[in-house]
Amino acid sequence: MRFFEYEAREIVKRAGIPVTDYGFTTSADEAREIAARIGGSTVIKSQVPSGGRVKAGGVKFADTPEGAHAHAARILKRAIDGP
């Protein structure tokens, strides 16, 4: 069985295992809001059921909500396929 990362985090959370705050969105504006809610540095990741996200530019680090918005806008435009 394969899960997207955000789905797996929700399963783990429901099992009572602590997880860091996170969010899922298909919008750069909402990525900004989620980053502001989380506070501090965030990681913006594409959600694809395969590997290769980092090499394809699908994982970026943001120190501010505006940075999260900019990274999400770029990542959401990319077609990221795994091996």
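Colleague: Why is Phe3 called partly exposed?
Modeller: Keep in mind that this is a predicted model. In it, Phe3 has a relative accessibility of 42%. Buried would need a value under 20%, and exposed a value over 50%. Since 42% falls in between, Phe3 counts as partly exposed.

Colleague: Where does Phe3 sit along the chain?
Modeller: Look at the segment before helix H1, which runs over 5–14. Phe3 also joins Met1 and Ile11 in a nonpolar surface patch, and together they have about 380 Å² of accessible area.

Colleague: What makes Phe3 fit for a patch like that?
Modeller: A patch takes residues with over 30% relative accessible area. Phe3 has 42%, so it clears that cut-off.

Colleague: Let's move on to Pro49. Why is Pro49 called partly exposed?
Modeller: Its relative accessibility is 47%. That's not under 20% and not over 50%, so partly exposed is the right label for Pro49.

Colleague: Which residues does Pro49 touch, leaving aside its neighbours within four places in sequence?
Modeller: Arg2 and Phe4. Pro49 lies in the loop between S1 and S2, and its C-alpha atom is 7.0 Å from that of Phe3, although the two residues are 46 apart along the chain.

Colleague: Now Ser46. How do you know that Ser46 is buried?
Modeller: Ser46 has 9% relative accessibility. Buried means under 20%, and 9% is under 20%, so Ser46 is buried. You'll find Ser46 in the loop between strand S1 (42–45) and strand S2 (59–62). Leaving aside its neighbours within four places, Ser46 is in contact with Arg53, Gly58, Ile75 and Ile80.

Colleague: What makes up the largest nonpolar core?
Modeller: There are 8 residues in it: Ala28, Ala31, Ala35, Ile44, Ala62, Ala68, Ala72 and Ile75. Helix H2 (28–38) and helix H3 (65–77) are the elements that give two or more residues to this core. Ala72 shows you how things meet there: beyond its neighbours within four places in sequence, Ala72 is in contact with Ala28, Ala31 and Ile44. In soluble globular proteins, nonpolar side chains tend to be buried together.

Colleague: Which residues of H3 are buried?
Modeller: Gly67, Ala68, His69, His71, Ala72 and Ile75. The buried residues of H3 pack against H2, S1 and S2.

Colleague: How do you know that the length of H3 agrees with its number of residues?
Modeller: Try it yourself. H3 has 13 residues, and at 1.5 Å a residue they should span 18 Å. The end C-alpha atoms of H3 are 19 Å apart, which agrees.

Colleague: On to charges. What makes Arg14 and Glu10 a salt bridge?
Modeller: Their closest N and O atoms are 3.8 Å apart. The cut-off is within 4 Å, so the pair passes. Side chains of opposite charge can pair when their charged atoms come close.

Colleague: Where do Arg14 and Glu10 stand relative to one another in helix H1?
Modeller: They're 4 residues apart, so about one helical turn separates them. Arg14, at 64% relative accessibility, is over the 50% mark and therefore counts as exposed. Glu10, with 28%, falls between 20% and 50%, so Glu10 is partly exposed.

Colleague: How do you know that Asp21 and Arg37 form a salt bridge?
Modeller: Here the closest N and O atoms are 3.0 Å apart, and that is within 4 Å, so it counts. This pair links distant parts of the chain: Asp21 is in the loop between H1 and H2, Arg37 is in helix H2, and they are 16 residues apart.

Colleague: How many salt bridges does the structure hold?
Modeller: It holds 5. One of them joins Arg32 and Asp29, at 3.6 Å from N to O. That pair lies in helix H2, 3 residues apart, about one turn of the helix. Asp29, Arg32 and Glu66 are linked in a network of salt bridges.

Colleague: One last residue. Why is Arg9 called partly exposed rather than buried?
Modeller: Arg9 has a relative accessible area of 21%. Buried needs a value under 20%, so Arg9 misses that label and counts as partly exposed. Arg9 is in helix H1, and it touches Val19, Thr20, Asp21 and Tyr22, not counting residues up to four places away in sequence.

Conventions: Residues numbered from 1 in each chain as written. Predicted model: local features only at pLDDT ≥ 70, side-chain atom pairs only at ≥ 80, totals over all residues. Heavy atoms only, no water. Core = buried A, V, L, I, M, F, W, Y, C linked by side-chain atoms within 4.5 Å. Buried < 20%, exposed > 50% of the residue type's maximum accessible area, 1.4 Å probe, protein only. Contact = heavy atoms within 4.5 Å. Patch = residues over 30% accessible without salt bridge, like charges linked within 9 Å, V, L, I, M, F, W, Y side chains within 5 Å. Areas by Shrake-Rupley, 256 points an atom, 1.4 Å probe, with all protein chains shown as cover. Salt bridge = Lys/Arg side-chain N within 4 Å of Asp/Glu carboxyl O. Expected span 1.5 Å × (residues − 1).
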